[in-house]
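Trainee: Please take me through this structure, with a close look at the aromatic rings and what lies around them. I would like to begin with the whole chain and then zoom in.

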Amino acid sequence: MPPIISVTHLSKTYGTGFKALKDINLEIGRGEIFALLGPNGAGKTTLISIICGIANLSEGRVLVGGHDINREYRAARSLIGLVPQELHTDAFESVWATVSFSRGLFGKPKNPAHIEKVLKDLSLWDKKDSKIVTLSGGMKRRVMIAKALSHEPQILFLDEPTAGVDVELRKGMWEVVRTLQQGGVTIILTTHYIEEAEQMADRIGVINKGEIVLVEDKAGLMQKLGKKRLKLHLQGRIEAIPPALSPYNLELSDEGCELTYHYDTKGERTGITSLLGDLRAAGIRFSDLDTTQSSLEDIFVSLVRTP
């Protein structure tokens, strides 16, 4: 099956000469949740704006559902729903009116049954007659999603969907996104919450300084780049790591009461057995140990760290 979004050799250069995007190549499959991560100024919003037809590209080509975003703008744009980070709604309109109006902007005929389904799916039905101004921040965010879904798009872009939303509402939003995916909607989200990408995405793309650093299946990314940490809780405090243990690159912490050893799970040998033997030979005893996997946040920081 062809990808629903295909970006080929895309570049964006502003009049000042600043190159915001450099030779971007990206394919997004139908029905997946794709998370685009990157630090501020990396080019996330510029890329989304071009795909959505809000900004113009300088070079390259973008196809949405097989439609060229330049030559077949209306057909491409009709497939897309966009939820921007900023909350822009008509404060004194009702939820029903503002969502229905958004559908009309795309030239779609009235369909009260679809609007009702969208509002119910987003737990907004009991607020359908409420003025936007009376809603909480989390509810307003849901209204923005309802507006984006009003014209029955196949693709939904979520730009920082849970920014400013508390933890409980954030988890509720994740459930909404998963429900949309089950309904066949392809979802592309940008987020600063690494936990969000780790919880929700099927694949993850990292963009930095206008370039795609990598695109990887989430599980594959964790396996490929993730490392494990072995923490040893010592029975007694030590002042320094003995020279005989220097090959292990151990870290001493907790005022000399904890040693940390990093190892690659894909390596032929982890080195743990020899480490424990050398610790014993050095007279260092431990009371407990535990292992932890590198988080997606650890991996992300290592990828975008400035040399």
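**Aromatic rings in context**

Mentor: Let us begin with the whole chain: among its contacts with a separation of 6 or more, 68% are between residues 24 or more positions apart, a contact being heavy atoms within 4.5 Å. What you see is a predicted model, in which local features need pLDDT of at least 70, side-chain atom pairs count only at pLDDT 80 or more, and totals for chains, interfaces and linings use all residues. Residues are numbered from 1 along each chain as its sequence is written, and side-chain values use heavy atoms, with hydrogens and water left out.

The protein chain contains 10 helices and 14 strands; these are DSSP runs numbered from the N terminus, helices being H or I with at least four residues and strands E with at least two. Of its 307 residues, 43% count as buried. Here buried means under 20% relative accessible area, exposed over 50%, and partly exposed in between, using a 1.4 Å probe and protein chains only. The chain has an accessible surface of about 15,700 Å², and carbon and sulfur atoms hold 50% of that. Such areas come from the Shrake-Rupley method with a 1.4 Å probe, where for residues only the protein chains shown count as cover.

Now for the rings. Searching the whole structure gives 2 aromatic pairs. Rings of Phe, Tyr and Trp (its six-membered ring) pair if their centres lie within 6.5 Å; planes under 30 degrees apart are stacked, over 60 edge-to-face, and the rest tilted. One pair is Trp96 with Trp125: their ring centres are 6.1 Å apart and their planes stand at 70°, so they meet edge-to-face. This pair links distant parts of the chain, since Trp96 is in helix H3 (residues 95-105) while Trp125 is in the loop between helix H4 (112-121) and helix H5 (137-149), 29 residues apart. Trp96 is partly exposed at 26% relative accessible area, and Trp125 is partly exposed too, at 28%.

The other pair is Tyr248 with Tyr261, whose centres are 6.0 Å apart and whose planes are at 80°, so this pair is also edge-to-face. Tyr248 lies in the loop between strand E11 (228-234) and strand E12 (251-253), and Tyr261 in strand E13 (residues 258-263), 13 residues apart; this pair, too, links distant parts of the chain. Both Tyr248 and Tyr261 are buried.

Let us return to Trp125, which has company from lysines. The charged end of Lys120 sits over the ring of Trp125, 5.1 Å from the ring centre. Lys128 lies over the face of Trp125 as well, at 4.7 Å from the centre. A charge sits over a ring if NZ of Lys or CZ of Arg is within 6 Å of the ring centre and within 35 degrees of the ring normal.

Helix H4 is worth a pause here. Lys117 and Asp121 both lie in helix H4, 4 residues apart, about one turn of the helix. They form a salt bridge, with their closest N and O atoms 2.8 Å apart; the term requires a side-chain nitrogen of Lys or Arg within 4 Å of a carboxyl oxygen of Asp or Glu. Side chains of opposite charge can pair when their charged atoms come close. Lys117 is partly exposed at 49% relative accessibility, and Asp121 is partly exposed at 38%. The whole structure has 10 salt bridges.

Finally, look again at helix H3, which holds Trp96. Phe101 lies in helix H3 too, and its relative accessible area of 53% makes Phe101 exposed. Together with Leu105 and Phe106, Phe101 forms a nonpolar surface patch with about 330 Å² of accessible area. Patches are made of residues with over 30% relative accessible area and no salt bridge: like charges are joined within 9 Å, nonpolar side chains (Val, Leu, Ile, Met, Phe, Trp, Tyr) within 5 Å.
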